[in-house]
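Please open the model in a viewer and keep the selection panel at hand. The tour proceeds by selections, each followed by an account of what is found there.

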Amino acid sequence: MTVSSRRSTADRPMVVVVAATRRERERLLASLPGDVAVVLATSRENAGELLRSGAGGAAYPSPGMGMGVDLDAEHRTVVWGGRVLRLTPLEFETLGLLSSDRRHVWSIAELTRDVWATGYVGDGAQVRSVIKRLRRKLALAGMPLEIRTVRGAGFQAVCTVADQGRSPEPIAP
């Protein structure tokens, strides 16, 4: 767990919170004053990527910045093309984590640790259930996001809008 701070471009304090579990991140957030910009990350590498991408202040980076897709942490919504998709807390946390690292394939154990803040026990049915609901909601809303299963490895969020014949790419932070 790491907490560091720096000044944002708006001369507002920025705090980078690096913690492995959701519970740790929530505990650290509760101790911060309300007037600071906060970047949450699951690792130092992830924090570096978030800061380089300019995500300062967002709970999660926008999953498809070039396409106008945004995650609104305050309202737990995905916004794209005038459409707003409301998610449950677990769905939002899961999508936020999946989209926080564009190249990472998230295992059930990692999702259980970081979203549910528990150790992996059992067959991962709770993770698969949330992934199933997220896939259905994203598809019904026509969002250009997809959660792919990488056989034997886990799950990865990808952009479903192919760019002139190219295959969909992992979501860029």
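**Salt bridges**

In this predicted model, the count of salt bridges comes to 4. Begin by selecting Glu-91 and Arg-133 and displaying their side chains, which meet in a salt bridge with an N to O distance of 3.0 Å. This pair links distant parts of the chain, 42 residues apart: Glu-91 belongs to helix H3 (residues 89–100), and Arg-133 to helix H5 (residues 125–140).

Next, add Lys-137 to the selection. Its side chain also meets that of Glu-91 in a salt bridge, here at 2.6 Å from N to O. The two partners are 46 residues apart, with Glu-91 in helix H3 and Lys-137 in helix H5. Glu-91, Arg-133 and Lys-137 are thus linked in a network of salt bridges.

Is Glu-91 buried or exposed? Glu-91 is buried, because its relative accessible area is 1%, which falls under the 20% limit. Arg-133, at 27% relative accessibility, counts as partly exposed, and Lys-137 is likewise partly exposed, at 24%.

Now select Glu-146 and Arg-148. Their side chains form a salt bridge of 2.9 Å, N to O. Glu-146 is partly exposed at 32% relative accessibility, and Arg-148 is partly exposed at 31%.

**Helices H3 and H5**

Show helices H3 and H5 together. Two packed helices are described by the angle between their axes and the distance between the axes. The axes of H3 and H5 come within 10 Å and cross at roughly 85°, which makes H3 roughly perpendicular to H5. To view the contact, select Leu-90, Glu-91, Thr-94, Leu-95 and Leu-98 on the H3 side, and Val-130, Ile-131, Arg-133, Leu-134, Lys-137 and Leu-138 on the H5 side. Coloured by class, this contact of H3 with H5 shows 7 nonpolar, 1 polar and 3 charged residues. The members of the salt-bridge network, Glu-91, Arg-133 and Lys-137, appear in this contact.

While H3 is displayed, select Ser-100, which lies in that helix. Ser-100 counts as buried, at 3% relative accessibility. Then add Ala-47: the C-alpha atoms of Ser-100 and Ala-47 are separated by 9.7 Å, although the two residues are 53 residues apart along the chain.

**Helix H4 and its packing on H5**

Move to helix H4 (residues 108–115), which is mostly covered, with 6 of its 8 residues buried. The buried residues to select are Ile-108, Glu-110, Leu-111, Thr-112, Asp-114 and Val-115. Just after H4, inspect the backbone of Ala-117, where phi is positive, at about 60°.

How do the axes of H4 and H5 pack, and at what angle? The axes are 9 Å apart, and the angle is about 85°; H4 and H5 are therefore roughly perpendicular to each other. Select Ile-108, Leu-111 and Thr-112 in H4, which meet Gln-126, Val-127 and Arg-128 in H5. By class, the contact of H4 with H5 comprises 3 nonpolar, 2 polar and 1 charged residues.

**The nonpolar cores**

In soluble globular proteins, nonpolar side chains tend to be buried together. Here the largest nonpolar core has 25 residues. Which of them touch the most other members? Select Val-78, Leu-95, Leu-98, Leu-111 and Phe-155 to see them. At least two residues of this core are supplied by each of H3, H4, H5, strand E7 (145–150) and strand E8 (154–159). The largest share, 5 residues, comes from H5.

A second, separate core holds 7 residues. Select Met-14, Val-16, Val-39 and Ala-47, which are among them. Ala-47 was also the partner of Ser-100 in the C-alpha separation given above.

**Strand E5**

For the last stop, select Thr-77, whose place is in strand E5 (residues 77–80). Thr-77 is buried, with a relative accessible area of 5%. Which residues should be displayed around Thr-77, leaving aside its neighbours within four places in sequence? Those in contact with Thr-77 are Asp-70, Leu-71, Asp-72, Val-84, Leu-85, Arg-86 and Phe-92.

Conventions
Residues are numbered from 1 along each chain as its sequence is written. This is a predicted model: local features need pLDDT of at least 70, side-chain atom pairs count only at pLDDT 80 or more; totals for chains, interfaces and linings use all residues. Side-chain values use heavy atoms; hydrogens and water are left out. Helices (H or I, at least four residues) and strands (E, at least two) are DSSP runs, numbered from the N terminus. Buried means under 20% relative accessible area, exposed over 50%, partly exposed in between (1.4 Å probe, protein chains only). Axes are lines fitted to C-alpha atoms, for helices over the stretch in contact, and angles run from 0 to 180 degrees between N-to-C directions. Angles under 35 degrees count as roughly parallel, over 145 as roughly antiparallel, 65 to 115 as roughly perpendicular and the rest as oblique. Contact means heavy atoms within 4.5 Å. Ala, Val, Leu, Ile, Met, Phe, Trp, Tyr, Cys and Pro count as nonpolar, Asp, Glu, Lys and Arg as charged, and the others, Gly among them, as polar. A nonpolar core is a set of buried Ala, Val, Leu, Ile, Met, Phe, Trp, Tyr and Cys residues joined through side-chain atoms within 4.5 Å.
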